[in-house]
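These are my notebook entries on a structure I went through chain by chain. I set down each point as I looked it up.

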Amino acid sequence: MMTDLTDLTITEALSALKAKKFSATELAKAHIAQVEAGRHLNAYITETPEVALKQAAESDKRIAAGQMGKLEGIPLAIKDLYCTKGIQTTASSAILKGFVPTYESTVSQKLLDAGSVTLGKVSCDEFAMGSSNTTSAYGNVISPWKRNNGDNRDLVPGGSSGGSVAALAARMCMGATGTDTGGSIRQPAAFTGTVGIKPTYGRCSRWGIVAFASSLDQAGPFARTVEDCALMLEVMSGHDPKDSTSAPLPVPDFTKALTGDMKGLKVGIPKEYRLDGTPAEILKSWDDGIEWLKDAGAEIVDVSLPHTQYALPAYYIIAPAECSSNLARYDGVRYGPRVEGANLRDMYELTRAKGFGAEVKRRIMIGTYVLSAGYYDAYYIKAQKIRRLITNDFLEAYKKCDVLLTPATPSAAFAIGENEDDPVKMYLNDVFTVTVNLAGLPGMSVPCGLSADGLPLGLQIIGKPWDEATVLRTGHVIERAANFVAKPQAILKKAA
Amino acid sequence: MAELIKGETGAWEMVIGLEVHAQVIANSKLFSGASAVFGADPNSQVSLVDAAMPGMLPVLNEHCVEQAVRTGLGLNAAINKVSVFERKNYFYPDLPQGYQISQYLYPIVGKGFIEIDMPDGTSRTIGITRLHLEQDAGKSMHDQHPTKSYVDLNRSGCALMEIVSEPDLRSGDEVVAYLNKLRMILRYLGTCDGNMEEGSMRCDVNLSLRRPGSPFGTRTEVKNVNSVKAAQQAIEYEAQRQLEILESGGSIKQETRLWDPAKLETRSLRSKEDAHDYRYFPDPDLLPLKLTDELIERIRKTLPELPDQKKHRFMEQYGLTAYDAGVLIAEQNRAEYFETVAKSSDPKLAANWVQNELLGRLNKEGMSLDDSPVKAPALAGLLKLIADNTISGKIAKDVFAEMFTNGGDAAAIVEAKGLRQVTDTGAIEKVINEVIAENPDNVAAFKGGKDKLFGFFVGQVMKKSGGKANPDIVNELLKKKLS
């Protein structure tokens, strides 16, 4: 019985809690046990079972009183980029080791206010910089999935939100939060057979979330179904006067958008995403998706996003530029570990040299370089111009269609250590996802099938600004048609 | 016009531009809700944003924006309807974010001008290049511990206006006049208290020398100039330093220098090569600042009468000289005081009394106008007694002294002390007769042609009457008696 509880969707659990088939405390305990059983995956940096049990007990009181919140009693994992009051928040960096915020991020507060239960803080790439969750100062996160071709190497869960998806796929939570700056929600979702949505820039408040690249960062949810994702997003969204870039718009009822059909919708297929060298199985999954949407009543149209090839270079100028400035505050003066030096400059250098990992240092240096006098126009200004062109590409395409369908990633998950030799190869993981951040659009990854060696593949749905509803509706149709029921080996092994 | 420096090889002209940092009068900081009031215990007015905690975001304080617009309008400047906050990146412990949020390419206020008044009565127009909003840094304290520095973040994030002048200033006197006028305008507007000594107005001086009529020379920037006096001293020193280099055939190094108020010298802080690369870029946490015409017009409507307008009005309406008007408008409350008095008295008499008797006495006592025991209506009452010949100007000074020391109403004091002027010709004639009888020699001398002795007789009569005799009547009667 208890193991079954961890296999439920959020929606199923909510109705069971309401029907008092089990208590929030039982649900929390089942997940706490699963978190312990899955420690070898290294998904959590900080487990908070006491917090979870206390919150679950309060949920039970509210359930008894008939005052259920939208996520009452649902155990969640929170990406360690979200500041959580009284709970260590590290951004997976040594430079924030031991940092306990006195404040709660707006988005995680909204989740708490909806009655959710916090199982702990999950790992990610350091400061969300990475596509493999191998840059965390607290060790690699291991995917619960394995290849079925005899290759027993540990695989990456994707990144940066690797801990979120590893925990979710391994049933160590029912839903998780992520952040997405260049694909950090969609790529890990695709790698682990989970659903993840990055809403429109400005839909969720960034207040209290450790910043990587402010003009690109967005919070978003992970869950095992599109419906659960819609429910979480509804709770997480909304205007926040504390974030000047958050939009003063009402939050639609996202779950109501899931109609199950595509009638009257035009789906655009951008030809530039058909890259040379894309594996046949990725292209096939894309074609499957097109067929499914057609079957559900969609009209398929070919569209062009002509500046796509410049997106990755532009992204790897803008994101590091902002990061180089955003991370200047980690100087050992006010919080975080300090390494004393002979003088002030020495202290800064020693503290930051020790506190930041190699990938973070690389990006700070790139960012510092592209903002420097004499290089600013050639790099930063040019990248901003490309960003504008990419946004225009999308707006032009949306004159012909309502939503776009593309692969989420150029490949299935890779083994830990693969791609590590060449940063550019690693950056190519984001080739289908960064455009969406540059244009500030909503994007989602939904599982659509398995690769030849048994690993999940995902399709990406990209929407018009503020039209998460259509993205979710489209994702829901794909989810139904794909009927993705595969489970990671880590779960199967345990069940067996 | 410009005063030239006479060097051994010929004349040199100073070219000076100022960057003034003015603290905005506001209850809270530029991007956080923390109090911006000064003098609190260290680190007691620091929000999570001011301390740059992870995940914190700036939210623009609209009041500070309105203050900047107000100042821009007061400086006759163009208000930019779109401006952009950028990050100026550098590391220092009193700068918690590792960058200062400032404005760079697109400031909120563009070109304007102010008129400065020179001691010789002439005026000059000085161009304003721009005004932008930015965050103040915290305060590093290096004297609290033998090996460590302490940081107080109370000031961190408070709003500053940086007001940049064109290189239009040509002498230390002009700089003094500029700073005084700028401070006066800011105080009139209520956008900065202008207290340089308390650091709420700070100034960087850009100075170069050139041969008159030649292109600008290489300049140095002198920082840490914290009073009007320091500005004058720093300019004198720096001009002399540059003069010596140039006259001996050397060239000026473009650099930032620091004014040392103890040693009265400037010294090199960093050269152009060592200048920080601040890596400015638009702050992605803040949207471009857009102002509506409605807002600008609403603020324009609330502008007070500004110093120059008031000065010209005083000259026209009250017939004052430029100098007198300039003194009276220097402070808003002074101008107000004057106008209250002038309403019911002769304006020129009012101007004289406010400047000489009132301000003179206050100055002597080290008191401010607001503390004056003699309020404007009371002074007006005194001047009325002069105008209607109840007392003479001389007696009025005694009455004023009494009012200043013990308070009270002028008319009441005059009555109580019997100071009312004697206009009874019979009484005055009696005194005159006495004086003539007592001074037969002088009477003879006067009649013999020593006209100057007339004053002697007036003095004697006034003395005998205890100063109360009406001087006009004394004159008239004396002339008759002595003829």
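**Entry 1. An asparagine in chain B**

Where in chain B is the place of B:N224? I located B:N224 in strand 12, residues 220-225 of that chain. I note at the outset that the model is predicted. I looked up the backbone angle next: phi of B:N224 is near 65 degrees, which is positive although the residue is not glycine. I then asked how far B:N224 is covered. It counts as partly exposed because 17 C-beta neighbours lie inside 10 Å.

**Entry 2. Backbone points in chain A**

I looked for a comparable asparagine in chain A and recorded A:N133. Its phi is positive, about 55 degrees, and it is not a glycine. A:N133 is found in the loop between strand 3 and helix 6 of chain A. Is A:N133 buried or exposed? I entered A:N133 as buried, because 34 C-beta neighbours fall inside 10 Å.

In chain A I also recorded a cis peptide bond between A:G159 and A:S160, with omega at about 10 degrees. A:S160 lies in the loop that runs between strand 3 (117-122) and helix 6 (162-169) of chain A.

**Entry 3. The two chains as wholes**

For chain A I counted 17 helices and 11 strands. I checked its radius of gyration against the globule rule: for 496 residues a compact globule would have a value near 23 Å, and the 21 Å of chain A agrees with this. The C-alpha atoms of chain A fill a box of roughly 65 × 55 × 50 Å along the principal axes. Buried residues come to 59% of the 496 in chain A. Of the chain A contacts with a separation of 6 or more, 78% are between residues 24 or more positions apart.

For chain B I counted 15 helices and 16 strands. How does the radius of gyration of chain B stand against that of a compact globule of 483 residues? Chain B has 30 Å, whereas the globule would have a value near 23 Å. Its C-alpha trace spans about 95 × 55 × 50 Å along the principal axes. Of its 483 residues, 39% are buried. Among the chain B contacts at a sequence separation of at least 6, 68% join residues at least 24 apart.

**Entry 4. Domains of chain B and a distance across the chain**

The domain assignment divides chain B into domain 1 (5-300), domain 2 (305-417) and domain 3 (425-482). I took the centres of domain 1 and domain 3 over C-alpha atoms and found them separated by 66 Å.

I then looked up a single pair of residues. B:Q144 and B:L453 are 309 residues apart in sequence, and their C-alpha atoms are 73 Å apart in space. B:Q144 sits in the loop between strand 8 (139-141) and strand 9 (150-152) of chain B. I entered B:Q144 as exposed, because it has 11 other C-beta atoms within 10 Å.

**Entry 5. Helix 10 of chain B**

Helix 10 covers residues 393-406 of chain B. At 1.5 Å a residue its 14 residues should span 20 Å, and the end C-alpha atoms are indeed 20 Å apart. Its buried residues are B:I395, B:A396, B:V399, B:F400 and B:M403. Seen down the axis of helix 10, these buried residues fall within an arc of 145 degrees, so they line one face. An α-helix has 3.6 residues a turn, so residues three or four places apart point the same way.

I recorded that the buried residues of helix 10 pack against helix 8 (347-365), helix 9 (376-387) and helix 11 (410-417) of chain B. The face turned away from the buried side carries the exposed residues B:K394 and B:T405. After helix 10 comes B:G407, with a positive phi near 75 degrees.

**Entry 6. Helix 14 of chain B**

In helix 14 (residues 454-464) I found B:F457, B:Q460 and B:V461 buried. Down the axis of helix 14 these buried residues fall within an arc of 95 degrees, so they line one face of the helix. Their cover includes helix 12 (425-438) and helix 15 (471-482) of chain B. On the other side of helix 14, B:G455, B:G459 and B:K463 are exposed. B:G466 follows helix 14 and has a positive phi, near 65 degrees.

**Entry 7. Where the chains meet**

How many residues of chain B are in contact with chain A? I found 23 residues of chain B in contact with 32 residues of chain A. On the chain B side they divide into 15 nonpolar, four polar and four charged.

Note on methods:
Residues are numbered from 1 along each chain as its sequence is written. Chains are lettered from A and ligands numbered from 1 in the order in which they are written. This is a predicted model: local features need pLDDT of at least 70, side-chain atom pairs count only at pLDDT 80 or more; totals for chains, interfaces and linings use all residues. Helices (H or I, at least four residues) and strands (E, at least two) are DSSP runs, numbered from the N terminus. A residue is buried if 20 or more other C-beta atoms lie within 10 Å of its own, exposed if 12 or fewer, and partly exposed in between; C-beta atoms are placed from the backbone. Domain bounds come from an automatic or database domain assignment. Two residues are in contact if their C-beta atoms, placed from the backbone, lie within 7 Å. Ala, Val, Leu, Ile, Met, Phe, Trp, Tyr, Cys and Pro count as nonpolar, Asp, Glu, Lys and Arg as charged, and the others, Gly among them, as polar. The radius of gyration is taken over C-alpha atoms; the globule rule is 2.2 Å times the number of residues to the power 0.38. The expected span of a helix is 1.5 Å times one less than its number of residues. The arc is that of the directions from the helix axis to the C-beta atoms.
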